Amino acid sequence: MPLGLRRKKKFTTKETSRLVEGEQTNAAGASLPSLPAPTCKLVFHTQLAHGSATGRVENFSSIQELYAKIAGVFEISPSEILYCTLNTPKVDMGKLLGAQIGLEDFIFAHVKGIKKEVNVYKSEDSLGLTITDNGAGYAFIKRIKDGSIVDSVKTICVGDHIEAINGETIVGWRHFDVAKKLKELKKEELFTLKLIEPKRAFDMEPRSKAGKSSTGRIGTGRETLRLRSKGPATVEEVPSETKAKAIEKVDDLLELYMGIRDIDLATTMFEAGKDKGNPDKFAVALDETLGDFAFPDEFVFDVWRVIGDAKQG
């Protein structure tokens, strides 16, 4: 098994969007402005998860732009939005908005609610937390393992945003950096978490009924809007069952090797490798796409095998 994939020379690539940025010239050689690429107008319906009127958002290509659009509709600051769920106002981590939105999905925005400060005694190496982030600087708790240290602290809940650890603000950190910080805390010591839970409605019944009527048609479409940190959003087909299972396996490998679960990251890795002819080229593609991660070679090969199995059906 060849090693040293990380030492491969990276190929020089350009963002796809750069291909349409060059100037055009007329018959006389004078420069003409580049024509914008045609776009389709996509409109999504949205509500605040704790209760609000229904608004409409459109013309966004990233999570940050979407949050800004939602904030504008409801006249709040984008920094108030912790995360969004699709087709449910509940704090349902299985319905988190990630890099893809179905064209008929209904977006519920969860905003900042009660702040709380919790002391936790780290009696074991593992806290039993799975951390994710909203793609816009807020890390939050995605899962709490039954019987774990954190599970015994009932004031810590799934969906809580982690604002600070031992007084150190972590706003702006990616979820893997927060997970690493928590893992590095010393055993047999007390540490402090500053948390913000999402705002909750006092009476969900009226809003639930509205949600059902608004989202009854959800899931009937076969296309999704894929958001990107760079470049325009694109409309793509819903993944096939084979592809979806492969992405789930990559997500499992992420947890096994890296201690994190991130279905969006797993999807990005699958997309980076689906058209590569060998694991070396796949490793180079990962470096170019996800240079912030230091993936071990064994992990790269395992992911490559999963992608290869998916190609063969």
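Which element gives the most to the lining of the second largest pocket? To find out in this predicted model, begin by selecting helix α2, residues 175-183, which supplies six residues to that lining and is the element that gives the most.

**The second largest pocket**

With α2 still highlighted, turn to the space itself, where the second largest pocket holds about 800 Å³. To place yourself at its middle, select Ala179, Lys183, Met258, Gly259 and Ile260, which are the closest to the centre among the 25 residues that line this pocket. Next add β8 (129-133), β9 (139-144) and α4 (241-258) to the selection, since these elements, like α2, each supply at least two residues of the lining. If you then colour the lining by class, you will find twelve nonpolar, four polar and nine charged residues.

**From α4 to α7**

Keep α4 in view and select helix α7, residues 297-311, whose axis comes within 9 Å of the axis of α4 and crosses that axis at roughly 170°. These two helices are therefore roughly antiparallel to each other, and α4 passes α7 in a right-handed crossing. On the α4 side, show Thr242, Ala246, Lys249, Val250, Leu253, Leu254 and Tyr257, and on the α7 side show Glu298, Phe299, Asp302, Val303, Val306 and Ala310, as these are the residues that make the contact. By class, this contact of α4 with α7 has nine nonpolar, one polar and three charged residues.

**From α7 to α6**

Now leave α7 selected, hide α4, and bring in helix α6, residues 279-289. Here α6 and α7 pack at an angle of about 110°, with their axes 10 Å apart, and that angle makes α6 roughly perpendicular to α7. The crossing, in which α6 passes α7, is right-handed. To see what meets between them, select Pro279, Phe282, Ala283 and Leu286 of α6 together with Val300, Phe301, Val303, Trp304 and Ile307 of α7. The residues of this contact of α6 with α7 divide into nine nonpolar, no polar and no charged.

**From α6 to α5**

Stay with α6 and add helix α5, residues 263-273, whose axis comes within 9 Å of the axis of α6, the two crossing at roughly 130°. That angle makes α5 oblique to α6, and the crossing of this pair is right-handed. Display Thr268, Met269, Ala272 and Gly273 of α5, and opposite them Phe282, Ala285, Leu286 and Thr289 of α6, which together make the contact. Sorted by class, the residues of the contact of α5 with α6 comprise five nonpolar, three polar and no charged. While these side chains are shown, pause at Phe282 and Leu286 of α6, which take part in the contact with α5 and also in the contact with α7.

**A last stop at Glu163**

Finally, clear the helices and select Glu163, which is found in strand β10, residues 161-165. Which residues does Glu163 touch, not counting residues up to four places away in sequence? Select Lys115, Glu168, Thr169, Ile170, Val171, Lys194 and Ile196 to see them, for these are the residues that Glu163 touches on that count. One of them, Lys194, lies 31 residues from Glu163 along the chain, while the C-alpha atoms of the pair are separated by 5.4 Å.

Note on methods
Residues numbered from 1 in each chain as written. Predicted model: local features only at pLDDT ≥ 70, side-chain atom pairs only at ≥ 80, totals over all residues. Heavy atoms only, no water. Axes fitted to C-alpha atoms, helices over the stretch in contact; angles between N-to-C directions. Helix = DSSP H or I, 4+ residues; strand = E, 2+ residues; numbered from the N terminus. Parallel < 35°, antiparallel > 145°, perpendicular 65-115°, else oblique. Left-handed = near helix turned anticlockwise from the far one by under 90°. Contact = heavy atoms within 4.5 Å. Nonpolar A, V, L, I, M, F, W, Y, C, P; charged D, E, K, R; others polar. 1 Å grid on protein atoms, 1.4 Å probe; cavity = no way out; pocket = protein on both sides within 12 Å on 5 of 7 lines; lining within 4 Å. Points joined across faces, edges and corners; volume = space filled by probe spheres on them.
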